[in-house]
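The following paragraphs lead the reader through a protein model, from its interior to its sheets and its metal site. The sequence and structure are shown first.

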Amino acid sequence: MTEMTRVSTDIDYDKNGKQHGHLSVPNSRDNSGWGTLLMPITVIKNGEGPTLLLSGGNHGDEYEGPVALMKLIRALDPSEIKGKIIVIPGLNYPAFLAGKRLSPIDGKNMNRIFPGKYDGTISEVIAHYVYHYVLPQIDACYDLHSGGYSMFMVPSAMCHYLEDKDLMARHIEALKAFRAPMMLIAEELDVAGMLDTAVEEMGKVFIGTELGGGAILTPESVKVAETGIRNVLKHFGMMEGEPVTPTWRGQTEAKLYEIPDLGYFCQAKADGLYEPFYEIGDWVEEGAPVGQIHFPQSPEHDAMVVAPKKGGRIWCRRAPGMVEKGDAVAVLAIESEK
Ligand SMILES: [Zn+2]
């Protein structure tokens, strides 16, 4: 039996050509009795071939993905591809419109509520539709995240360590295909409810990105996103042409890294003002501090040094100066032989 959904759409997923449409999600509220959230979705299909989901705005303050996807759906002619791409530039659409990580309607983190709920809150209803109606169609998902308000990241693509060897091998190939300045296989801090996990558990390929951060765009990070998506379409045999490696801060190579365990994550151990000692992309020796926390209410106290357990390349660092105990301030990665 087909799973019930409260979402409807004017898109015909089987039709050839380019369709710009909406997912209609019930959103009854004080000032709109039968109000509906109309989430943009575009499907571009040309005959047989793989089906990819390209999504952005899973977190609403991460902008490279949505911008690259909006440019792609305007520019791409169906004749340029084989197969089908389903593009949702703003997956947590209310959060995307508000420029917030979480939905302003129900406070939910879209990437912690999969597989969603038929009778849940608006974010859960969206996740439930994507899980039951979009994911069964696809071969692979590229979910385009960035650092958001709280982090600066080396523009990167990433996947998780997976137990299934064949699925892991397909992930590594799909990861390398993106050609970001850093491509990571990572141990994740918290996987429950992620879109990543939902796709992986279906035995399909899931690649995420982290493309910039600080809730801003840069020309280079947008370029990495745009180039990466087209590289991926070429990798899956959906588009003609050779892959291109974008330049980032003078780096012209796309390299594979790993975050083998949580020892590469550094957290603030106190509230205060964080002073980073390194920029993203810099290398840190084992045992060396990556920054220190000052105490504005007790400036006479020595700053608290933050040192990761392991050395490596700084993949990301905290963006805002003020930190709370438990905030991530840096994550490091090491080069991979895979
Ligand atoms: Zn994100």
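A nonpolar core is a set of buried Ala, Val, Leu, Ile, Met, Phe, Trp, Tyr and Cys residues joined through side-chain atoms within 4.5 Å. This term is applied here to a predicted model. In soluble globular proteins, nonpolar side chains tend to be buried together.

The largest such core in this model holds 37 residues. The members that touch the most other members are Leu52, Leu54, Ile85, Tyr142, Leu175, Phe178 and Ile207. A second core, of 32 residues, lies apart from the largest one and includes Val7, Ile11, Ile138 and Cys141. Leu52 illustrates how widely separated parts of the sequence are brought into contact: with residues up to four places away in sequence left out, Leu52 touches Lys84, Ile85 and Ile86, then Ile138 and Ala140, and finally Val232, Leu233, Phe236 and Met238.

Three of the residues just named as members of the largest core, Leu175, Phe178 and Ile207, are also among the contacts of Ala157. Ala157 belongs to strand 8, which spans residues 156-160. Is Ala157 buried or exposed? The relative accessible area of Ala157 is 0%, so this residue is buried, the limit being under 20%. Beyond the three core residues, Ala157 touches Ala180, Met182, Met183, Leu184, Gly208 and Thr209, again without counting residues up to four places away in sequence. Pro181 stands 24 residues from Ala157 along the chain, and the C-alpha atoms of the two are separated by 8.4 Å.

Leu184, one of the contacts of Ala157, leads on to the pairing of strands. Strands of a sheet pair through backbone hydrogen bonds, either parallel or antiparallel. Strand 11 shows both senses: strand 11 runs parallel to strand 9 (residues 182-186), with five bridges between them, and antiparallel to strand 19 (residues 328-335), with two bridges. On the strand 9 side, Leu184 has Tyr257 of strand 11 as its bridge partner. On the strand 19 side, Glu258 is matched with Ile334. Strand 11 comprises residues 255-259, and four of its five residues are buried.

Another group of strands lies at the start of the chain. Strand 1 (residues 8-9) pairs with strand 2 (residues 17-26) in the antiparallel sense through two bridges. Strand 2 is in turn joined to strand 3 (residues 36-46) by 10 bridges, and these two strands also run antiparallel. Ser24 takes part in both pairings: Ser8 stands opposite Ser24, and Ser24 stands opposite Leu38 in strand 3.

Further along the chain, four strands form an open antiparallel sheet in the order 16-15-13-18. Strand 16 (304-306) and strand 18 (322-323) each have a single partner strand and therefore stand at the edges, with one side of each left without a neighbour in the sheet. Within this sheet, strand 13 (residues 272-276) and strand 15 (residues 291-294) are joined by four bridges. Glu275 stands opposite Gln292 in that pairing.

Two helices offer examples of buried polar side chains. Ser221 lies in helix 6 (residues 219-235) and is buried at 2% relative accessibility. The side chain of Ser221 makes a polar contact of 2.7 Å with the side chain of Thr218. Ser221 also touches Glu64, Pro155, Leu211 and Gly212, leaving aside residues up to four places away in sequence. In helix 5 (residues 195-201) is Thr197, which counts as buried at 14% relative accessibility. The side chain of Thr197 reaches the backbone oxygen of Val191 at 2.8 Å.

The path ends at the zinc ion. Which protein atoms serve as its donors? They are ND1 of His59, two OE atoms of Glu62, and ND1 of His145, at 2.0 to 2.3 Å from the zinc ion. Along the chain, these donors follow the spacing H-x2-E-x82-H. Why is the site classed as irregular? The angles among the four donor atoms range from 57 to 149°. A tetrahedral site requires all angles to lie between 85 and 135 degrees, so this range does not qualify as tetrahedral, and the site counts as irregular. Two of the donor residues are buried: His59 has a relative accessible area of 3%, and Glu62 has a relative accessibility of 2%.

Notes. Residues are numbered from 1 along each chain as its sequence is written. This is a predicted model: local features need pLDDT of at least 70, side-chain atom pairs count only at pLDDT 80 or more; totals for chains, interfaces and linings use all residues. Side-chain values use heavy atoms; hydrogens and water are left out. Donors are N, O and S atoms within 2.8 Å of the metal (3.2 Å for Na, K and Ca); water is not among the atoms, so sites may look incomplete. Four donors count as tetrahedral if all angles lie between 85 and 135 degrees; four count as square planar and six as octahedral if opposite donors are over 155 degrees apart and all others between 65 and 115; anything else is irregular. Buried means under 20% relative accessible area, exposed over 50%, partly exposed in between (1.4 Å probe, protein chains only). A polar contact is a pair of N or O atoms within 3.5 Å; within protein, one must be able to donate a hydrogen and the other to accept it, and residues adjacent in sequence count only if both atoms are side-chain atoms. Contact means heavy atoms within 4.5 Å. Two strands pair if DSSP finds at least two bridges between them.
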